[in-house]
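User: I should like to go through the classifications assigned to this model one at a time. For each, please set the value against its criterion and then conclude.

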Amino acid sequence: MTDTPVVELAAPDIAKYRDGGAGIPFVHTWDSGKPGRHVMISALTHGNEICGAIALDFLFCLNIRPSTGKLTFAFVNIDAHALFDPKSPYASRFVNEDFNRLWEEARLEGPDDTVELRRARELRPLFDTVDDLLDIHSMTSNSPPLVLVNALEKHVAMARRVAYPAYVVTGPVFAPGKRLIEYTPFDDPTNDKTALLVECGQHWAAASGVAAKETAVRFLAATGVLTAEAAAPLLAWPSLAPQQVLDVTDGVTAETDTFRFTQAYRGCEVFPKAGAVIATDGGREITTPYDDCALIMPNHRARAGQRVARLARRRA
Ligand SMILES: [Zn+2]
């Protein structure tokens with residue numbers, strides 16, 4: 001599709017955050033001087049996902065400082081974000097390659113040289129010291145917000161402590177490469193480091209900016225950076241829906257350029273019976289493989305060879 005989306009959100013001017021004093025551009029760390037966890041919120045891992053920048057801009061204005069441990073706010077793919085143009089908003093996801101698919105030692109330490117690898121190598125020593133990470137993203141689909149975690153239960157437990165958004169989606173991405181939340185220190189069951197990737201909603205919908213702020217404030221409360229009393233007046237939704245955990249089992253990749261969903265699914269729809277036809281791909285029917293199957297992040301713009309959705313089993 002060549003549809004031009006409505007861009008309701010305005011990207012904040014992040015130029016004022018370039019010098020954080022820590023030697024890495026667009027990274028700000030505050031050290032309490034006392035022992036404790038290193039809590040980090042990152043935004044713009046994809047350069048055009050501006051809701052995260054809006055959330056960080058909001059948090060910067062609050063002058064939050066940790067009472068123990070360290071707190072870091074970072075804008076990640078700033079070179080891609082510098083290309084952001086509301087008239088062509090899809091074009092600035094990355095410069096050379098997806099920053100969120102290169103978190104493997106073989107790539108990070110290998111011979112390749114891209115804009116994104118350079119930034120990843122610059123940020124890697126920082127990520128190595130982080131205990132609790134929230135990486136803020138948004139989606140092509142007009143889906144309800146959801147939090148993605150790798151399959152380890154420690155991440156599900158953190159998502160439950162944050163208590164928002166309502167959908168917690170675990171498991172692999174079914175695309176090549178590793179996401180930041182799958183980077184080795186976070187993917188290690190023998191430590192207690194956690195990493196959450198929140199998908200706040202459609203990339204440029206006004207509601208995604210609200211969801212980004214809500215998740216960030218609740219994450220800072222869950223990690224102890226903010227007290228419950230300090231967080232309460234910052235919340236948009238004082239009471240929340242119960243969370244639902246969805247375990248991803250399958251990835252769906254388009255084989256043709258005529259992949260079409262059977263309806264304008266938004267995401268998180270649950271199909272009660274196996275065999276439900278959810279899409280056609282060049283005439284081939286795509287069906288749900290089991291009962292109570294949830295459709296995650298349907299991409300109505302996908303072309304041949306691109307992942308169009310994931311399928312997940314609803315946890316009892
Ligand atoms: Zn993203």
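**Reasons behind the classifications**

User: Why is the site of the zinc ion called irregular?

Analyst: In this predicted model, the four donor atoms of the zinc ion make angles of 57 to 148 degrees. A tetrahedral site would need all angles between 85 and 135 degrees, and a square planar site would need opposite donors over 155 degrees apart and all others between 65 and 115. The range of 57 to 148 degrees fits neither description, so the site is irregular.

User: What makes the protein atoms at this site donors of the zinc ion?

Analyst: The cut-off for a donor is an N, O or S atom within 2.8 Å of the metal. His46 (ND1), Glu49 (OE), Glu49 (OE) and His137 (ND1) lie 2.0 to 2.4 Å from the zinc ion, and they therefore count as donors. Water is not among the atoms, so the site may look incomplete.

User: Where along the chain do these donors lie?

Analyst: Their spacing is H-x2-E-x87-H. His46 belongs to the loop between β2 (38-43) and α1 (51-61), whereas His137 is in strand β4 (residues 132-139). The two histidines are 91 residues apart, and the pair thus links distant parts of the chain.

User: Are His46 and His137 buried or exposed, and how do you know?

Analyst: Buried means under 20% relative accessible area. His46 has 3% and His137 has 1%, so His46 is buried and His137 is buried.

User: Why are β9 and β12 said to stand at the edges of their sheet?

Analyst: That open sheet has three strands in the order β9-β11-β12, with antiparallel pairing. β9 (259-261) and β12 (284-287) each have a single partner strand, so one side of each is left without a neighbour in the sheet. From one strand to the next, the twist averages 25 degrees.

User: How do you know that β9 and β11 pair?

Analyst: Two strands pair if there are at least two bridges between them. β9 and strand β11 (residues 277-281) have three bridges, in the antiparallel sense, so the criterion is met. Within this sheet, Phe259 stands opposite Asp281 in β11.

User: What makes the pairing of the eleven strands mixed, and which strands are at the edges?

Analyst: The open sheet follows the order β1-β3-β2-β4-β7-β5-β6-β8-β14-β13-β10, with mixed pairing. Strands of a sheet pair through backbone hydrogen bonds, either parallel or antiparallel. Both senses occur here: β6 and strand β8 (residues 244-253) run parallel, joined by four bridges, whereas β8 and β14 are antiparallel over seven bridges. Strand β13 (residues 293-296) and β14 are also antiparallel, over four bridges. The edge strands are β1 (27-31) and β10 (270-271), each pairing on one side only.

User: Which residues are bridge partners in these pairs?

Analyst: Val169 has Leu246 in β8 as its bridge partner. Thr253 stands opposite Arg307 in β14, and Leu295 has Leu311 in β14 as its partner.

User: What lines the largest pocket?

Analyst: The largest pocket has a volume of about 760 Å³. Its lining consists of 34 residues, of which Arg93, Arg101, Thr140, Asn299 and Arg307 lie nearest the centre. β4, β7 (194-202) and β14 (307-314) each supply at least two lining residues, and the largest share, four residues, comes from β14.

User: Why is Phe174 called partly exposed, but Cys268 buried?

Analyst: Partly exposed lies between the limits of 20% and 50% relative accessible area. Phe174 has 35% and therefore counts as partly exposed; Cys268 has 8%, which is under 20%, and is therefore buried. Phe174 lies in the loop between β6 and β7, and Cys268 in the loop between β9 and β10. Each has a positive phi without being a glycine: near 55 degrees for Phe174 and about 75 degrees for Cys268.

User: What makes Pro86 partly exposed?

Analyst: Pro86 has 46% relative accessibility, which is not over 50%, so it counts as partly exposed. Pro86 is in the loop between α2 (78-81) and α3 (105-108). The C-alpha atoms of Pro86 and Val7 are separated by 6.3 Å, although these residues are 79 apart along the chain.

Terms used:
Residues numbered from 1 in each chain as written. Predicted model: local features only at pLDDT ≥ 70, side-chain atom pairs only at ≥ 80, totals over all residues. Heavy atoms only, no water. Donors = N, O, S within 2.8 Å, 3.2 Å for Na, K, Ca; no water. Tetrahedral: all angles 85-135°; square planar, octahedral: opposite > 155°, others 65-115°. Buried < 20%, exposed > 50% of the residue type's maximum accessible area, 1.4 Å probe, protein only. Axes fitted to C-alpha atoms, helices over the stretch in contact; angles between N-to-C directions. 1 Å grid on protein atoms, 1.4 Å probe; cavity = no way out; pocket = protein on both sides within 12 Å on 5 of 7 lines; lining within 4 Å. Points joined across faces, edges and corners; volume = space filled by probe spheres on them.
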